[in-house]
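Open the model in your viewer and keep the selection panel handy. We will go from stop to stop, picking out one piece at a time.

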Amino acid sequence: MEEVSTGPLVPAMKPDVKPSSTAPTPEPDSSAAAAYTSVAGISELDKDMLCPICMQIIKDAFLTACGHSFCYMCIITHLRNKSDCPCCGHYLTNNQLYPNFLLDKLLKKTSAHQISKTASPLENFRQALQQGCEVSIKELDNLMSLLAEKKRKMEQEEAERNMQILLDFLHCLRKQKVDELNEVQTDLHYIKEDVNAVERHRIELYRARDRYSVKLRMLGDDSSTRKSWLSSVEKNSSGIITGYPNARGGMSAGNLENKKVDGKAQVSSHGHQRKDSLSGSDSQCFNQSGLSVVRKKRVHAQFNDLQECYLQKRRQLANQPHFKQESNKSIIHREGYNAGLADFQSVLTTFTRYSRLRVIAELRQGDIFHSANIVSSIEFDRDDQLFATAGVSRRIKVFDFSAVVNEPQDVHFPVVEMSTRSKLSCLSWNKFSKNRIASSDYEGIVTVWDVTTQQSVMEYEEHEKRAWSVDFSRTEPSMLVSGSDDCKVKVWCTKQEASVLNIDMKANICCVKYNPGSSNYIAVGSADHHIHYYDLRNISQPLHVFTGHKKAVSYVKFLSNDELASASTDSTLRLWNVKDNLPVRTFRGHTNEKNFVGLTVNSEYIACGSETNEVYVYHKEISKPVTCHRFGSPDMDDIDEDAGSYFISAVCWKSDSPTMLTANSQGTIKVLILAA
């Protein structure tokens, strides 16, 4: 078996190593520093007391025949190389050097005087005692008393400083705890309000349920059913008697009596059916009760994250009453609900609704003994009827989704297949024209295809290196954007043969995405670990740079006009608010350190692949995974040693439904659906 390919690796930022233009600065010599300090201390001395060679105070002064004084070591070192005086240039040898005792003595006295001027009184006193200064016992007692008093004063000041520091700390701590207490009290007030509101609405629901139960019992009541049936029978029997005037008497009465008996039997049977239906509803209630227990367990498993979500929404929307929104059908719209509570109810409902991913179809389009099966991109078309796959096989394959789901066979043939010259990295369907799809490949070519004719419509070859990403605008059907390893983002128009806009960046481009609400804004994920958000009307600099990822940003996807999700090889997903330029949340649980593992979003959920061959699903309000699904080995007889090398390579939601397409590095495609 061939070695399994690790797939395309996410580019990493290569740091620029620039040679230093200057030599490292050596640390200053301690003796030179001391000499400089001495010079500064005796700045009033005549410059003749400084050595003309080292420009420091002369040490071991020696006088030349020409009358100049130098440090002994300085002049000796100089005469080893030259035979002249450094000051006047007069011929000079070692034999013409004489000790300058007078200058040495003068320098020592001057230095001692300077030291005594700068020394502390304590130092002067210590020196005086060391030199044998005569001091009486009375003077020593006075001095010791003075020192003791000074010591007590210093200890008092130190104690006061320490007490002030402690008091400042306690004040800060009290303020912090009071703020926390106020926050907790405010939160408790919100919780109390919400508990009362929910209790009222629950009582209303119970009353409504009781009314429905009464109606069901009334519908199952024998007497009411019998009365309605008898009235109809009387009408029918009177019609029969009128139609047959010669057939009156006991025969007609007998027929009527028989019909009444039959009517009783029918009503009795109908009553049994009602009882059966009611017992079925009891069974259904029991099942719903079990489901409720399961959902409560999910709440407790993620209680901390849900608590944070509730408090955040409740604080932000504390004074906003809830108004009915037709777009969000998961919320029970009741009077008295706060907007934050209603928003959290929606989150809680969608979060607890699902607990697993169930496989509803599987498609194997690769050979497990061949390494070139990686599906790099998988995308639904405009109407979610077709989906396309592309990867290292150099083919774009288009499948009928309903056929894949409804037909039981494992091997499905594409309805359209288009060959390319190079390995493919990304696909993007046009959201206006159903038969147009764009691709980017490893040679840097961006191609627009007509799926109906299976031919390329436009080919753009301006990128100099591998193009990792391409995306059609959702608002301008003719516009698309691409990003490449050549550190360039290019904007194209299908009506023109050359790029209409070019953005030069400093690092490899891993992903690009149009804002779904406007073709003026794009998000760019880069190997420099950042997301650059651009307004294409002014590309001189990005509107904002989102920082936080520790490695290259491999994918960016918009959940809405304001919400942007990103994936990185630091094994995290992040959610950003592009309107307010703020980080929102970080998601952890999957493993992604080197490969492109896919990212897909809808209005509520974020899904990505993992290098553990698993698909992870996150709710956008909760930082931990909702659920995950592991791809199994297709060859059950070979539970193999290479299983750890497989990874998820592409994922795609089916619009806002719980259905998702997933693919891995073996070429296996699964249709998954979120289930309770």
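Start by selecting strands S17, S18, S19 and S20: in this predicted model, the four form an open sheet in that order, with antiparallel pairing. Look at the edges, where S17 (509-515) and S20 (544-546) each have a single partner strand, so one side of each is left without a neighbour in the sheet. Direction ignored, neighbouring strands here are turned by 20° against each other on average.

Now zoom in on S17 and S18 (residues 518-526), which pair in the antiparallel sense over six bridges. Show Tyr514 and look across to S18: its bridge partner there is Ile522. While you have side chains on display, keep in mind that in a regular strand they alternate between the two faces of the sheet.

Next, select S25, S26, S27 and S28. These strands also make an open sheet, in the order S25-S26-S27-S28 and with antiparallel pairing. Which strands are at the edges? They are S25 (599-601) and S28 (625-630), each pairing on one side only. From one strand to the next, the twist averages 15°. S25 and S26 (residues 605-609) run antiparallel and are joined by three bridges; to find one pairing, pick Leu599 and its bridge partner in S26, Cys608.

Keep this sheet on screen and add helix H9 (residues 339-353). H9 lies across S26, S27 (614-619) and S28, and runs at about 160° to S27.

From H9, step to helix H8 (residues 303-316). The axes of the two helices come within 8 Å and cross at roughly 155°; H8 and H9 are therefore roughly antiparallel to each other. Their crossing is right-handed. To see the contact, show Leu306, Cys309, Tyr310, Lys313 and Arg314 on H8, together with Gly340, Leu341, Asp343, Phe344, Val347, Leu348 and Phe351 on H9. Colour these residues by class and you should find eight nonpolar, one polar and three charged.

Leave H8 displayed and bring in helix H5 (residues 137-219). How do the axes of H5 and H8 cross? They come within 11 Å and cross at roughly 90°, which makes H5 roughly perpendicular to H8. On the H5 side, select Glu183, Asp187, Tyr190, Ile191, Glu193 and Asp194; on the H8 side, select Tyr310, Leu311, Arg314 and Arg315. By class, this contact has four nonpolar, no polar and six charged residues. Tyr310 and Arg314 of H8 may look familiar, since both also belong to the contact with H9.

Now move to strands S1 (residues 61-64) and S2 (residues 69-71), which pair in the antiparallel sense over three bridges. Their hairpin has four residues between the strands, and there Gly67 takes a positive phi near 95°. Then click on Leu63: its bridge partner in S2 is Ser69, and in S3 it is Tyr98. S3 (residues 97-99) runs antiparallel to S1, and three bridges join the two.

For the last stop, colour the model by pLDDT. The protein averages 81, and 78% of the residues score at least 70. Over residues 1-5 the pLDDT is below 50, and this stretch has 13 contacts in the model beyond near neighbours in sequence. Residues 634-640 are also below 50, with seven such contacts.

Methods
Residues numbered from 1 in each chain as written. Predicted model: local features only at pLDDT ≥ 70, side-chain atom pairs only at ≥ 80, totals over all residues. Heavy atoms only, no water. Axes fitted to C-alpha atoms, helices over the stretch in contact; angles between N-to-C directions. Parallel < 35°, antiparallel > 145°, perpendicular 65-115°, else oblique. Left-handed = near helix turned anticlockwise from the far one by under 90°. Contact = heavy atoms within 4.5 Å. Nonpolar A, V, L, I, M, F, W, Y, C, P; charged D, E, K, R; others polar. Pairing = 2+ DSSP bridges. pLDDT = per-residue confidence, 0-100.
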